[in-house]
Amino acid sequence: MSHKRVPKRKIVFAGAGAAAVAAAAIILPNANASQDDKSEAAQPKKVDAASAADIAAELASQLGEAFGGAYYDKDKQQVIVNVVGDNNNVNVQVKSAGAVARKVDNSTKALQTAAKTLKTKATIPGTSWSVDPKTNELRVTADSTVTGAKWDTLESTVKSLGDGMATLKKSTGEFKPFVAGGDAIFGGGARCSLGFNVTTDSGAPAFLTAGHCGVAAEQWSDSQNGAAIGTVQDATFPGDGDFALVTYDDANTEAPSTVNTGDQSVDIVGAGEATVGQQVQRMGSTTGLNDGAVTGLDATVNYPEGTVSGLIQTDVCAEPGDSGGPLFSADGQAIGLTSGGSGDCTAGGETFFQPVTTALEAVGAKIGDGGAAGGGGAADDGGAAGGDAADGSGAAGDGAGADGAGGAADNG
């Protein structure tokens, strides 16, 4: 099956930042305002990770060249915004939005330019790079296959970017999509995991999974030699993402918006943007439920099959068969779909995820109950999302009884 690339559409963010700035414009000219009022207005706000993403996106559009990225301090529940230069007005904007300003050397634009240099000169299978706002640098990683002349090229390219622009490290594993053959849910000999159940623009029940699962086979079954329950409609891999949309062949399939973690079901209430520092959980048909944190954004990974860009980087472990499974937050936000990485759940490693918001925009679907379908994918028994269905739908298989959305089932 030849894959189709779906153009990404720009996501528009909305947050409290603009309103906060407008309020500040009213307060500041008031000469009678007390010092206590001013001090209180400048105090950082405590926010959750979802709100942090909104604030960061709003400030990114407002600050322009002065914006150097942002991340979430989960301990203080604050948004930390990197600021380039000494413009006091910029600091006022950041504080007015309830965030903390942090002076850095590299703007987001400068980091993006450096990433383009890496893409041009060092697109080598087994390498990856992502933006790490905590260090205000690009995090460049080479897996165990990058040796000899390839390593020399990568190392010299990183050095050419200049001091303080990028860090380079070696990974003991090998970057690869987490798809595998096995005895669970199959499509063309591949086993993956269902990501999230969704509703298409036409109202049909469907689910998202990894694009490299979607290009491996056109139809998916909930048992190794069973009848197909879902058909791939769109798939992108490699290129600008790693996602696929699979519609259930039975239009009456119930596909609830939940992720079954084995011990309980997590209701998926919507799709959210990832923020560096955010705590997340992942389900997969091979390794079940695992957690960790987002460590990088806008990641580029050079798999042996090709380059994929625009991914989320985390320290959450994953293994073959977990591909396509859901990355989500404790409060029920769908964050990502498992793409690939290096390492395993014994030694650890780097893992990359397709942002759900980008996938939804591209395929024309939404999280939630649009009639018959919902978002999560895991249902104990709901035809499509539950026990089996999830798996099958789980595009490549969460293991056979995958619990819905997570692709990973207790018995997968």
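**Exercise 1. The β1-β2 pair**

In which sense do β1 and β2 pair, and over how many bridges? Work it out on this predicted model, then list some of the partners.

*Solution.* Start with the pairing itself: β1 and β2 (residues 78-84) run antiparallel to each other, joined over five bridges. Now pick out individual rungs. Take Phe67, and you'll find Val83 as its bridge partner in β2. Move along to Tyr72, whose partner in β2 is Val79. Next to that, Asp73 stands opposite Gln78 in β2. Finally, have a look at the turn: the hairpin of β1 and β2 has four residues between the strands, and Gln77 there takes a positive phi near 55 degrees.

**Exercise 2. From pair to sheet**

Find the strand order of the open sheet that β1 and β2 belong to, and name its edge strands.

*Solution.* Begin with the next neighbour. β2 also pairs with β3, this time in the parallel sense, again over five bridges. One rung to check is Ile80, which has Val100 as its bridge partner in β3. Put the strands together and you get an open sheet of three, ordered β1-β2-β3, with mixed pairing. The edges are β1 (67-73) and β3 (100-104), each of which pairs on one side only. From one strand to the next, the twist averages 25 degrees.

**Exercise 3. What sits on the sheet**

Identify the helices that lie on these strands, then decide whether β1 and β2 are mostly buried or exposed.

*Solution.* Take α3 (residues 49-63) to begin with: this helix packs on the sheet and touches β1 and β2, and its direction makes about 170 degrees with that of β1. Then there's α4 (residues 88-96), lying across β2 and β3 and running at about 165 degrees to β2. Now count buried residues, using under 20% relative accessible area as the cut-off. In β1, six of the seven residues pass, so the strand is largely enclosed by the rest of the structure. β2 also has six of its seven residues buried, so β2 is largely enclosed too.

**Exercise 4. The two faces of α5**

Sort the buried and exposed residues of α5, and explain why the buried ones line one face.

*Solution.* Check the geometry before anything else: α5 (residues 108-121) has 14 residues and spans 20 Å from first C-alpha to last, close to the 20 Å expected. Its buried residues are Leu111, Ala114, Ala115 and Leu118. Look down the axis of α5 and these fall within an arc of 100 degrees, so they line one face of the helix. That fits the usual pattern: an α-helix has 3.6 residues a turn, so residues three or four places apart point the same way. Turn to the face away from the buried side and you meet the exposed residues Lys116, Lys119, Thr120 and Lys121. As for the cover over the buried residues of α5, it includes β4 (127-132), β5 (137-142) and α6 (148-160).

**Exercise 5. The largest nonpolar core**

Which residues touch the most other members of the largest nonpolar core, and which element gives the most to it?

*Solution.* The core holds 20 residues, and Phe196, Val198 and Leu208 touch the most other members. Next, sort by element: two or more residues each come from β8 (196-200), β9 (205-209), β12 (243-248), β20 (333-341) and α8 (356-363). The top contributor is α8, with five residues.

Key
Residues are numbered from 1 along each chain as its sequence is written. This is a predicted model: local features need pLDDT of at least 70, side-chain atom pairs count only at pLDDT 80 or more; totals for chains, interfaces and linings use all residues. Side-chain values use heavy atoms; hydrogens and water are left out. A nonpolar core is a set of buried Ala, Val, Leu, Ile, Met, Phe, Trp, Tyr and Cys residues joined through side-chain atoms within 4.5 Å. Buried means under 20% relative accessible area, exposed over 50%, partly exposed in between (1.4 Å probe, protein chains only). Two strands pair if DSSP finds at least two bridges between them. Axes are lines fitted to C-alpha atoms, for helices over the stretch in contact, and angles run from 0 to 180 degrees between N-to-C directions. Contact means heavy atoms within 4.5 Å. The expected span of a helix is 1.5 Å times one less than its number of residues. The arc is that of the directions from the helix axis to the C-beta atoms.
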